[in-house]
Each structure stands twice: as C-alpha cells, then as structure tokens.
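User: I'd like a close look at one part of this model: a strand, the strands that pair with it, and how they sit in the fold around them. Could you walk me through that, working out to the whole chain and a few backbone details?

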Amino acid sequence: MVTPLMFLQLCVLSIVLPTTSSAFILSDGIFEGREDDLFAEILRDEAVSRLDQLGKVSDADGHLERTFMSPASVRAANLIRAWMEDAGLTTWVDYMGNVHGRVEGLNASAEALLIGSHLDTVVDAGIFDGSLGIISAISALKVLKSNGTLTNLIRPVEVIAFSDEEGVRFQSTFLGSAAVAGILPVSALQISDKRGVTVQDALKENSIAITEESLFQLKYDPQSVWGYIEVHIEQGPVLEWVGFPLGVVKGIAGQTRLKVTVRGSQGHAGTVPMSLRQDPMAASAELIMLLESLCKNPKDFLSYDGQCNDSTVESLSNSLVCTVGEISTWPSASNVIPGQVTFTVDLRAMDNMGREAVIYELSNRMYEICERRSVSCIIERKHDANAVICDSELTSELKFAANAALKRITGEIQDEVPVLMSGAGHDAMAMSHLTKVGMLFVRCRGGVSHSPAEHVLDDDVWAAGLSILAFLETHM
Ligand SMILES: [Zn+2]
C-alpha cells in the first residue's frame, strides 16, 4: 500500500537514486499525472509566475531596472522575503541589504549549504538573470516543506538573495556577495553613485546603519559553511546549440580590464597631409585589429617558454575572448584629426597565467605600433579578477542532480548534461573566497541576456527547480 505521503517521498527519493529507479517510476505507469508528481505546480507554474511578478518590480516605467537599494530593489527584497517565509524559511535582511532565508534542518550547528543569486538587474534587463537562481532555490525548499521533509535536511540550508551583483549604481560589482564572503573592503562603503550618494548613505536611506564593524560582522565564518551553489541563466548560446536545458559549470573565466589612451597630433582634417599625420584614431584602429587577431589565434602570437606552455595556449584557444566596448575621442569633430583616443579592453580567459601572457604580448605589440606611428600610448590595468574553478565534487553532484531531473521530466535517458565554462562573472566568484562553489546553467533563448528579450522556457525553469530539489535530497 502506497500512502500519499510515501508516494511523494518515493518521487523525491527517486530523483537521487540511480537511473534504474527513475526508469521504474516513469515506465511502469504508476504515475498518471506525471507533471503533478514532479511538483510542476510549485517548481514550474508558481516559479514562472513569480519570475513574471518580480520582473515587474522596476524603478523605471517601460523597462526593468533595479539597482542597489533603489525603491524597486527594496520592494523586490520584501517580495522575496515573503516567498522565503512561504517556503518555511526563517528570514532576515543583513547590513548590505542581502535577503537571507534559512532552515536549520536536523543539526543547526552543522556546516550550512548556501544557495544564492542576485536580486539587482542591469538597465533594461530581462526577468531571469539573478531572479531565476533565487526563485528556483525557494521553490525547491517549498516542495520539501509541502511534503514535510524540510526538517530532515542534515545541514542548515540558506538561500541568499544578494543585493548587488551587476554593479550598475556604484560601478562596483558583487557588493552583496563580497560582503558575505568577507572580501569587500571598508572603502567600498564610501563609493559614490552619479548623484554623489555613497553606498553607506544608500543603505542609511533604507534604515540600514552599516558601520565598519558591522561590515566585518557580515563575513561568514568559513567553518560554518559547507559550500555554495548557484543556478543562473547561461547568458550564452551553447546549451541551445547542443539542445540541453541544463549544464554544469566547470569554472568562471578570469578577467582583466584595460584602458588604452593614444595621443597624437590634433589638427585640421583638410590641411594636414596624410604623410605628416600622427593620428591616434588610425593607430587605435590598428591596435584594435591586433587585439582581435591575437585573441582569435593566440598560438600564432605567444611564444612557448617557461611562462606559456602547451596546455596554457590550448586553454587560451578554447576560452580567450576580448572586447573593445567603449571608445572616445577628443575633440570628436568630423573635421578634426583627433588629439586623443581612449578605449577599453575587456579580456577573459580560464587560464590566469595565459591571460597574463596575452596582456604582456598585447602590450608589447601595442607599444611597437604606437612607436611606428609616432603616437604615444598608455595602457592602464583597471580591473583584475582571477578565474574560479568550481569544486569538482560539487560539480559532479550538481551534474547528477541535473541528469536525474531531466530524466524525470522527459522520461528519456538523456546524454550527460554538458559541462561549460562561464565567460560572465557571478556571485559564485566572490563566494569562492569563502567556500567551495558549484554552478548550474539554464538554457536561455538565443543566449540573449541583459535584454528584455531574455527568455527561459517554462519547462527549463521546472528542470532547474527539480535539479535543486534533487541536490537537496542528497543532504537528507
Ligand atoms: Zn546574473
């Protein structure tokens, strides 16, 4: 005799059992309404409706925009907090505006599993970036609450909705997760936005009185944390290409941002002969073409020595991406040869040493070009973040959970979920300074993100939630 409660437990347990068990559940016809049994109501329908609801919480009319501690961010935080409570979690908001929801499980002093993502958005954002990770975690815990197993968790589980990841308002990413990881410097509290409001003031406007001391208190004790996982939209096209709703992340690329300033001789567009020009615009064009060639074919540029071996170049060939996204000229008039051109370089790669080798080679060749063209060239390093390699144990647990979830939903034996690299930064990057991290990517249409066109299929939202549920079941 299978009682309704046993029935639910069978469902959940089967997610984490070997494939033969899931095949049993799906193939013997016990389950009539399979979608109900896979918690579609909570993990898909409610999750999708909450994504839509959160996607309407905006500071702007006509597009989605939620920046650190803005009125819409505070409304979003309240909404998320209510959903956490609905899932049976104890909630609070910390000194950096992060929203926490925690269940202690069987042993409140055991190391906690943290699951998070960010509640802020870019300007004119999509509704899934950040929100999907928060909502899928809350939904999975709500399923445990609804089947009475929330308290069976062998360790505390805490969902954190980070207040700032995109860095739109203060041009400083990861304010929320960096504070929890204990890597946010005190000086960050004094960074100003465009209106001159500091991070500290923005928090104060919302009755959060952060001090130097309370910032230090935000740091979690590494001994109290077991690991951190994050679900996030892929923000790239690979999963769609390979036809998979989910992928696990092997690592997050390291990143360097450069500012290149090229100065030449400003002059009249009509009177200075071509042979006598020191044109920083033409020089910049050549520098940018060099960057593209180098990043497309690093092996043609890098010499093999102690700094750059075979595997480094191989890794670069697979992961190096370089972008010039911002360029400005002075005085920027159609009839004037510019006196100065500045542009940015965003350079990302999985191999930290390889990234250094590229910057070294790029800088040398850029200076050569500038010298040949008789212009001056200054290359400044504005930002550096080392690559983060996801924990292999966490990654294989997430992969197992994702595989099981997909088998449950489709009823088919799938190929293994793909393993991807992340070219985009995530809260997991900051959290890796505190604990081991793992990430699950969810397919998004056309790989498009940071745009209202960002889209995730309802069933893929479901698959993400079911994967987190399967993952949580391994902690019972
Ligand atoms: Zn994001």
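Analyst: What follows starts with one strand and its partners, then moves out to the core, the domains and some single residues.

Happy to take you through it, and please keep in mind that this is a predicted model. The part to look at is strand β2, residues 99-103. Its residues split between two faces: V99, G101 and V103 make up the covered face, while H100 and R102 are on the uncovered one.

On one side, β2 pairs with strand β1, residues 90-93, in the antiparallel sense, and four bridges hold the pairing. Two of the partners can be picked out by name. W92 has H100 as its bridge partner in β2, and T91 has G101. Between the two strands of this hairpin there are five residues, and in the hairpin G97 takes a positive phi near 80 degrees.

β2 also pairs with strand β4, residues 157-162, again running antiparallel, this time through five bridges. Here G101 stands opposite V159. G101 is therefore a good residue to click on, since its bridge partners include T91 as well as V159 in β4, and it belongs to the covered face of β2.

From these strands, L141 leads into the interior. Which residues does L141 contact, once its neighbours within four places in sequence are left aside? They are A87, G88, L89, V103, L150, V157 and V159. Two of these tie back to what we have just seen: V103 is on the covered face of β2, and V159 is the β4 residue opposite G101.

L141 also has a prominent place in the largest nonpolar core, which counts 131 residues. Along with L43, L132 and L246, L141 touches the most other members of that core. Helix α16, residues 458-473, gives the largest share, with ten residues. Both domain 1 and domain 2 contribute residues, so the core lies between them. As a general background point, nonpolar side chains in soluble globular proteins tend to be buried together.

Those two domains divide the chain as follows: domain 1 takes 4-252 + 389-473, and domain 2 takes 254-385. Their C-alpha centres lie 37 Å apart. The contact between them draws on five residues from domain 1 and six residues from domain 2. On the domain 1 side, the touching residues are two nonpolar, three polar and no charged.

Stepping back to the whole chain, you will find 16 helices and 16 strands. The radius of gyration is 25 Å, close to the 23 Å that the globule rule gives for 476 residues, so the chain is as compact as a globular protein of that length. The C-alpha trace spans about 95 × 50 × 45 Å along its principal axes. Of the 476 residues, 47% count as buried. Sequence separation is worth a glance too: among contacts between residues at least 6 apart in sequence, 78% join residues at least 24 apart.

A few single residues round out the tour. H63 sits in the loop between α4 (40-55) and α5 (71-86). It counts as exposed because it has 12 C-beta neighbours inside 10 Å. Setting aside residues up to four places away in sequence, H63 touches S58, D124 and P452. For a sense of distance, the C-alpha atoms of H63 and R277 are separated by 46 Å, with their positions 214 residues apart along the chain.

For backbone geometry, begin with the peptide bond joining W330 and P331, which is cis with omega about 5 degrees. P331 lies in the loop between β10 (327-330) and β11 (336-337).

Two residues that are not glycine have a positive phi. F39, in the loop between α3 (34-37) and α4, has a phi of about 60 degrees. S374, in the loop between α13 (352-372) and β13 (376-385), has one of about 55 degrees. Are F39 and S374 buried or exposed? F39 has 24 C-beta neighbours inside 10 Å, so it counts as buried. S374 has 12 C-beta neighbours inside 10 Å and therefore counts as exposed.

Conventions: Residues are numbered from 1 along each chain as its sequence is written. This is a predicted model: local features need pLDDT of at least 70, side-chain atom pairs count only at pLDDT 80 or more; totals for chains, interfaces and linings use all residues. A nonpolar core is a set of buried Ala, Val, Leu, Ile, Met, Phe, Trp, Tyr and Cys residues joined through C-beta atoms within 7 Å. A residue is buried if 20 or more other C-beta atoms lie within 10 Å of its own, exposed if 12 or fewer, and partly exposed in between; C-beta atoms are placed from the backbone. Domain bounds come from an automatic or database domain assignment. Two residues are in contact if their C-beta atoms, placed from the backbone, lie within 7 Å. Ala, Val, Leu, Ile, Met, Phe, Trp, Tyr, Cys and Pro count as nonpolar, Asp, Glu, Lys and Arg as charged, and the others, Gly among them, as polar. The radius of gyration is taken over C-alpha atoms; the globule rule is 2.2 Å times the number of residues to the power 0.38. Two strands pair if DSSP finds at least two bridges between them.
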